[in-house]
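Here's a quick briefing to read with the model open beside you. Take a moment to turn it around on screen before you dive into the notes.

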Amino acid sequence: MVITNADPVKATNQYFEMQPDCLILDIQLPAKDSFQILQGIHLHNEKYFIPKIMISIQNDKQSRIKAFKMGADDFIGKPLISKSSL
């Protein structure tokens with residue numbers, strides 16, 4: 001099951017209520033800093049290991065380092081390329 005939400009506050013609440021198997025968070029959010037969301041989730045999620053993946057078109061070294069420092073377990077640059085598009 002995949003659940004998406006573009007509202008950062010609702011998405012964060014859903015995360016804690018549903019305890020998903022994985023979190024994928026885009027750096028570019030319109031209303032809130034996604035690094036703050038990631039850090040808040042990371043600080044309040046000590047009991048469970050849930051992989052946290054950041055994705056972004058900002059694929060530079062500084063963005064990647066910041067994501068890892070804030071608690072991301074992986075970073076994927078966009079655009080995403082699938083096998084079918086090759």
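How much space lies in the largest pocket? About 740 Å³. Keep in mind that you're looking at a predicted model, and let's start with that pocket before moving on to the sheet.

**The largest pocket**

- In total, 23 residues line the largest pocket. If you want to find its centre, look for I3, T4, C22, L23 and I24, which lie nearest to it.
- Helix 1 (8–18), strand 1 and helix 2 each chip in at least two residues of the lining.
- The top contributor is helix 1, which gives 6 residues to the lining.
- What kinds of residues make up the lining? They split into 17 nonpolar, 4 polar and 2 charged.

**The sheet**

- Now for the strands: 3 of them form an open sheet, in the order 1-2-3, and the pairing is parallel.
- Strand 1 (23–26) and strand 3 (74–77) sit at the edges with a single partner strand each, so one side of each has no neighbour in the sheet.
- The strands aren't perfectly lined up, either: neighbours in this sheet are turned by 25° against each other on average, direction ignored.

**How the strands pair up**

- Strand 1 and strand 2 run parallel and are joined by 4 bridges. For one pairing you can look up yourself, L23 has K52 in strand 2 as its bridge partner.
- On to the other pair: strand 2 (residues 52–56) is joined to strand 3 by 4 bridges, and these two run parallel as well. Here, I53 stands opposite D74 in strand 3.
- Helix 2 (residues 34–43) packs on the sheet, where it touches strand 1 and strand 2. The direction of helix 2 makes about 175° with that of strand 2.

**A closer look at strand 2**

- Why is strand 2 described as largely enclosed by the rest of the structure? It's because 5 of its 5 residues are buried, where buried means under 20% relative accessible area.
- You can check this face by face: K52, M54 and S56 are buried on one side of strand 2, and I53 and I55 are buried on the other. Both faces of the strand are covered, in other words.

Technical notes. Residues numbered from 1 in each chain as written. Predicted model: local features only at pLDDT ≥ 70, side-chain atom pairs only at ≥ 80, totals over all residues. Heavy atoms only, no water. Pairing = 2+ DSSP bridges. Axes fitted to C-alpha atoms, helices over the stretch in contact; angles between N-to-C directions. Contact = heavy atoms within 4.5 Å. 1 Å grid on protein atoms, 1.4 Å probe; cavity = no way out; pocket = protein on both sides within 12 Å on 5 of 7 lines; lining within 4 Å. Points joined across faces, edges and corners; volume = space filled by probe spheres on them. Nonpolar A, V, L, I, M, F, W, Y, C, P; charged D, E, K, R; others polar. Buried < 20%, exposed > 50% of the residue type's maximum accessible area, 1.4 Å probe, protein only.
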